[in-house]
Amino acid sequence: MDYPFATTEPMRCPAELVRRQDEEPVSRVHLATGEDAWLVTRYDDIRTLLTDPRFRVWLPGVPASDAGALLFTMNGPEHARLRRIAGKALTPRRVEFLRPRVEALAEDLVAKLIAQGPPAEILDGFAVPFALSVLNELLGVPPSARDDLRNWADGMLAVFTAPSYEEMTEAARKLGDYLAELVEAKRRAPGEDLLTGLLQARDDGDALKPDEVTQLAFAILLGGYVPPANALAQVVLRLAAEPELPRDPATMPALVEEFLRQDQGSAADQGRVAIEDADVGGVPIRAGEFVLAALRAGNHDPRRFPEPALTDSLRTQGHLTFGHGPHHCLGAALARLQLRTGVAALLAAAPGLRLAVPFEEIAWRRMFLTLQGPAAVPIDW
């Protein structure tokens with residue numbers, strides 16, 4: 001069967017995923033990128049797969065020879081070394097250091113949105129510029145380069161909506177060249193940004209080379225742009241479409257975690273390829289075969305999350321939205337800060353926010369494989 005599965009309810013786990021989870025939790029699918037793969041749908045099986053050294057990272061539709069230079073496609077000791085040193089720079093302390101600036105950015109963008117008067121559009125009017133503004137602050141991008149940076153990032157994202165490997169490669173080249181220049185500028189004139197922190201980070205004397213810092217910056221920019229913007233837009237959509245949900249600032253962090261678990265658009269599937277014969281959930285996997293971990297299915301596994309469709313802010317979490325194992329999202333703490341801060345600023349300014357159109361009129365777009373999101377989120381207040 002072709003994957004991703006069709007659904008008429010974009011904010012609910014597809015019925016076919018639920019069926020497979022119950023009846024054939026590890027099963028074959030044909031991907032839109034042309035490959036055949038095993039699809040893993042149960043929470044425990046996914047966690048096991050993502051920590052199994054018999055599997056290496058694989059990106060559907062991307063030639064293996066072109067994927068190895070990205071942090072989220074690396075494997076083994078080299079990947080572990082980069083993560084370990086990067087972790088010395090992207091610390092909870094640095095995230096906390098950014099908090100006042102992130103809050104100020106959110107409040108400023110919300111004020112501009114509200115000043116335009118209702119209705120307002122959340123995705124392009126708030127979520128996207130907020131994600132980019134936080135990245136600019138994190139990486140220390142000068143104002144003169146920020147428009148170009150967005151153009152190059154958007155050029156790479158064109159591959160998600162109108163697949164063209166050539167377009168993605170050209171945009172990636174320009175983005176990579178600029179980031180290399182920015183890293184060199186930080187080496188010559190250190191600042192308080194993450195790039196400076198990465199250049200200065202040490203692990204028992206081991207340091208990152210400038211090209212490795214550039215590689216990390218590239219991965220951070222890709223991971224910190226679309227997923228947080230998409231997730232923030234969907235959180236606001238949930239709140240606007242379901243006025244019965246609580247909006248108490250004290251409980252909002254827990255509610256945001258529950259939204260992250262239920263989000264059908266931001267938890268991108270994780271691809272792996274077997275490097276030796278193995279098994280997942282009792283199903284034999286031959287060396288060279290592709291496997292896809294459906295994180296959104298794992299997040300809706302009733303064996304781990306009873307009544308998964310129920311929004312329960314008191315639920316014990318452990319969701320898979322940020323991945324699991326060696327490739328757990330390096331920027332998860334920053335993403336959480338963005339989501340909580342963005343939602344808090346918006347609700348403080350527009351506590352009565354609601355959808356400006358019927359929910360049925362919201363258009364959805366598919367990006368990379370299973371990543372999807374609303375094309376626009378118009379709100380009123």
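User: Which residues are exposed on the other side of H2, away from its buried ones?

Analyst: Asp 44 and Thr 48 are exposed there. The model is predicted, so to speak of local features a pLDDT of at least 70 is needed, side-chain atom pairs count only at pLDDT 80 or more, and totals for chains, interfaces and linings use all residues. Residues are numbered from 1 along each chain as its sequence is written, and side-chain values use heavy atoms, with hydrogens and water left out.

User: What counts as exposed, and what as buried?

Analyst: Exposed is over 50% relative accessible area, buried is under 20%, and partly exposed is in between (1.4 Å probe, protein chains only).

User: Ok. Which residues of H2 are buried?

Analyst: Helix H2 covers residues 43-50, and its buried residues are Tyr 43, Asp 45, Ile 46, Leu 49 and Leu 50.

User: Why do you say they line one face of the helix?

Analyst: Looking down the axis of H2, the buried residues fall within an arc of 165°, so they line one face. The arc is taken from the directions from the helix axis to the C-beta atoms. Asp 44 and Thr 48 lie on the other side.

User: Switching to H12. How many of its residues are buried?

Analyst: Nine of the eleven residues in helix H12 (residues 252-262) are buried, so to call the helix mostly covered is fair.

User: Which ones?

Analyst: The buried set is Met 252, Leu 255, Val 256, Glu 257, Glu 258, Phe 259, Leu 260, Arg 261 and Gln 262. Glu 257, Glu 258 and Arg 261 are among them.

User: And what do the buried residues of H12 pack against?

Analyst: They pack against H11 and H14.

User: How many helices and strands does the chain have?

Analyst: The chain has 14 helices and 13 strands. Both are DSSP runs, numbered from the N terminus: helices are H or I with at least four residues, strands are E with at least two.

User: What about the chain as a whole, how much of it is buried?

Analyst: Of its 381 residues, 52% count as buried.

User: What are the spans of the C-alpha trace?

Analyst: Along the principal axes of the chain, the C-alpha trace spans about 55 × 55 × 40 Å.

User: Which radius of gyration does the chain have, and what would a compact globule have?

Analyst: The chain has 20 Å, and a compact globule with 381 residues would have a value near 21 Å, which agrees. The radius is taken over C-alpha atoms, and the globule rule is 2.2 Å times the number of residues to the power 0.38.

User: What share of contacts joins residues at least 24 apart?

Analyst: The share is 71%, among contacts in the chain between residues at least 6 apart in sequence. Contact means heavy atoms within 4.5 Å.

User: One more residue, Leu 222. Where is it found?

Analyst: Leu 222 is part of helix H10, which covers residues 210-223.

User: Which residues is Leu 222 in contact with, leaving aside its neighbours in sequence?

Analyst: Once neighbours within four places in sequence are left aside, Leu 222 is in contact with Phe 72, Met 156 and Pro 227.

User: And Leu 135, what separates its C-alpha from that of Leu 222?

Analyst: The two C-alpha atoms are separated by 9.9 Å, while Leu 222 and Leu 135 are 87 residues apart along the chain.
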